[in-house]
Amino acid sequence: MTASKIVAAAASSAGGETTDIDDVFSTFLWAGNSTNSRNIVNNIDVDGEGGLVWIKDRTNSDAHSLFATDLGAHKTLLTSETDAMDTIGTSVFESFNSNGFTVGSHGRTNENNRDYVSWTFRKTPKFFDVVTYTGNGVAGRTISHNLDTLVGMLIIKCTSHASDFSVQHRMLSPSKYLALNEAQGQSTDTARFHSTAAGTSTFTVGSSNAVNGDGRTYVAYLFAHNNNGNPGEFGPNSDQHIIKCGSFTRSASSDTNVDLGFEPQWVMVKKTSSGSGAWFIVDTMRGVTDHGSNSDEGQAQGLYANTTNAEDALDILEVTSTGFRSRDTHQYLDGGEPYIYMAIRKGPLAAPTDATKVFSATAYSGNGSSGRIISSNTVPVVDLAIVQPRAAAGDTNTVADRLRGKNRLFNTQNPHPESTNNTASISGLDLMSGIEIGNDTRVNWSSTSSYIAWFWRRAPSFFEIIPYTGTGSNRTVSHNLGVEPEMMWLRRRDGGNSEWIVYHKDAWDNTQSHSGNSKIYELSSDSNTFAADILNYTAPTSSVFSVGTSSRVNGSSSTYICYLWASVTGVSKCGSYTGNGSSQNIDCGFSNGARFVLIKNSSASDNWMIFDSVRGINSGTEGYLRLNSSAAEYTTGDHIDPYSGGFAATSNDPSTNKSGDAYIFYAIA
């Protein structure tokens, strides 16, 4: 057992924190503002632990800039160039910090009206390491590293002289190399890596000036490869894998599925055969949308490590719950050709302990301006946003999520098909912790209009999003929630009208026969029942949910989205209660009460009532909205009251507490 493993295990047994993906890797987006000393807070300790910050201007032609702690904050290498290391001023990059880094006002990192992305890799065993050394010209020289596992990909660059970025990948012969700064395929050069694959504690270099010239200086970036044959070191039990380096041969006639055993958040792909093939980099923060039927769906926002090109929307790959899919339509990925990849897992790995990090609500007034940012304030990454007008009757709400991508919108109040390219509404979730909106009446009309936005982040046991394509036959769909979903919303994306289908664990009796009373709901209706065969009379499990043959959830070749929620102790609760007609406390296991409550009468036709603490959960009258109605916010009546353990259902109102009626709910602390 490694020292870090011992420490992690000891911390775990003592109730301390273990290492998660969010501790060692970050994709961070920001809009430039031309100010000096701008702190980028991604909560990665690169100053104390060491690591690499990789920055690219997304909107303009400019180089990918690498900043490694071992070289110093004011030294940089450019991945598209062969140049020696350059000394730069604080206007480009100022410092590495314990919670991120600081940039200046330079065009490469923070100029006004430009958008930027950074990828931060923290030095961590079984994930990433940086090594610097001085060459001696001796072939077969071994150099120590601290990766403590299989090296998936090794990148070496001479810092004192011009040279290629020499890349060794575990899926290539050790006598071969690729150049990160070039689109060319693999080349043979036994003097680069001495025809020797990197080991778990050392790597080998030859006598080439590109990797080991006498008196020259070098930096090596080492990326791990985790597989089932070696133990992981991440997650609640310190046993999960977070990075894989592999290969695939792309089909010439269909999509090619790559099974990683996890959903990735970052993927780099490179063609290895003869001929050109860029180093494509995609990540889910900038957008990797999938399972769409429109011609502009399925696009990934691609960048190329070997060029200075701005970001480009490419139909290159889609992420899946177990890996990624290479698209058969992409013009730059050639059928029948071999490719290598490096993929980093989506985080976090642990169930949340702080509800404010995975859910928040923001109330705001409209101002009629486009390009407005609405912040979640506390959620670091927003994966689902629902915006509902409060004052204007007749305006539906707007539902957007990261996996469907920009300008793809639903509402919960009618069965209309997915809206596309509506930039006046929610135009994007490719931000860190909020949404960008236009001037549509549903999200940002005049100052007389008011809105509430609810934000969720995907996290184990709490919330997950799964896109899928229908087959027309009874089947199961894999998910990554990690526990049995207790509430699911399913929606068809393509074609004509299609209702939201809602499953809730306390309105489902999986012992019933096909003629029984199993209940499924419609989100846009106040109805209390729906045909149960839609989910094939089968309750979901911790790894799959079932769908029948209905076109609403599984039409052949049709596309769908599913949102999955579950209970996390002290964070969220899916449950039920029976009304008593007066007042009762609904215990959710919280300590400071519920900030969000969704209630539905499950024994009679009634509304999907929604409350939150931002608009007020009071001992008296509070405002409520209805997910199935475009009516303005109601501000009459007392339906729920504060209760430290959850919420209190009050009065004899049939929507929340009629005596003898059954209710389902979803609450967040």
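Is Ser 34 buried, partly exposed or exposed? The model I am showing is a predicted one. In it, Ser 34 has a relative accessibility of 35%, so this residue counts as partly exposed, since the class of partly exposed lies between 20% and 50%. Ser 34 sits in the loop that joins strand 1 to strand 2, residues 38–41. Its phi is near 60°, which is a positive value in a residue other than glycine.

There is a second residue of this kind, Asn 377. Its phi is positive too, at about 75°, and Asn 377 is not a glycine. You will find Asn 377 in the loop between strand 28, residues 372–375, and strand 29, residues 384–389. Its relative accessibility is 62%, so Asn 377 counts as exposed.

Staying with loops for a moment, look at Pro 348. The peptide bond leading from Gly 347 into Pro 348 is cis, with omega near -5°. Pro 348 belongs to the loop between strand 26, residues 338–345, and strand 27, residues 359–365.

Pro 348 also takes us to the largest pocket. Which residues lie nearest the centre of that pocket? They are Asp 22, Asp 23, Pro 348, Pro 380 and Arg 457, out of 44 lining residues. The elements that give two or more residues to this lining are helix 2, residues 21–24, and strand 1, residues 25–31. Strand 1 gives the largest share, four residues. The space in the pocket comes to about 1400 Å³. Sorted by class, its lining has 15 nonpolar, 18 polar and eleven charged residues.

Strand 1 also belongs to a sheet. That sheet is open, with six strands in the order 1-9-3-4-5-6 and antiparallel pairing. Strand 1 and strand 6, residues 86–87, are at the edges with a single partner strand each, so each has one side without a neighbour in the sheet. Further in, strand 3, residues 51–57, runs antiparallel to strand 4, residues 65–68, and four bridges join them. On that pair, Trp 54 is opposite Leu 66 of strand 4.

Another open sheet has five strands, in the order 36-42-38-39-40, again with antiparallel pairing. Here the edges are strand 36, residues 463–469, and strand 40, residues 521–522; each has a single partner strand, so one side of each has no neighbour in the sheet. Strand 38, residues 487–492, pairs with strand 42, residues 559–565, in the antiparallel sense over six bridges. Arg 492 is opposite Tyr 560 in strand 42.

Next, a hairpin. Strand 24 and strand 25 form it, with two residues between them. Their pairing is antiparallel and has four bridges. Glu 318 has Arg 325, in strand 25, as its bridge partner. In a regular strand, side chains alternate between the two faces of the sheet. What covers the faces of strand 24, in terms of burial: are its residues buried or exposed? Leu 317 and Val 319 on one side, and Glu 318 and Thr 320 on the other, are all buried.

Now the cores. In soluble globular proteins, nonpolar side chains tend to be buried together. The largest nonpolar core here has 78 residues, and those touching the most other members are Phe 93, Phe 121, Phe 127, Tyr 133, Ile 156, Phe 203 and Tyr 221. Strand 17, residues 217–224, supplies the largest share of this core, seven residues. Apart from this core lies another one of 76 residues, including Val 258, Leu 403, Val 568 and Phe 596. Back in the largest core, take Tyr 133: beyond its neighbours within four places in sequence, its contacts include Ile 156, Phe 203, Thr 217 and Tyr 218.

Two single residues to finish. Tyr 304 lies in strand 22, residues 300–304. Why does Tyr 304 count as buried? Its relative accessible area is 7%, and the cut-off for buried is under 20%. Beyond its neighbours within four places in sequence, Tyr 304 contacts His 64, Trp 279 and Phe 280, among others. From Tyr 304 to Cys 158 there are 146 residues in sequence and 21 Å in space, C-alpha to C-alpha.

The other residue is Thr 398, in strand 30, residues 398–401. Thr 398 has 1% relative accessibility, so this residue counts as buried. Leaving aside neighbours within four places in sequence, its contacts include Ile 386, Phe 410, Ile 426 and Val 443.

Terms used. Residues are numbered from 1 along each chain as its sequence is written. This is a predicted model: local features need pLDDT of at least 70, side-chain atom pairs count only at pLDDT 80 or more; totals for chains, interfaces and linings use all residues. Side-chain values use heavy atoms; hydrogens and water are left out. On a 1 Å grid over the protein atoms alone, a cavity is a set of points where a 1.4 Å probe fits but cannot get out, and a pocket is an open set with protein on both sides within 12 Å along at least five of seven lines; lining residues have an atom within 4 Å of a point. Grid points are joined across faces, edges and corners, and a volume is the space filled by probe spheres set on the points. Ala, Val, Leu, Ile, Met, Phe, Trp, Tyr, Cys and Pro count as nonpolar, Asp, Glu, Lys and Arg as charged, and the others, Gly among them, as polar. A nonpolar core is a set of buried Ala, Val, Leu, Ile, Met, Phe, Trp, Tyr and Cys residues joined through side-chain atoms within 4.5 Å. Buried means under 20% relative accessible area, exposed over 50%, partly exposed in between (1.4 Å probe, protein chains only). Contact means heavy atoms within 4.5 Å. Two strands pair if DSSP finds at least two bridges between them.
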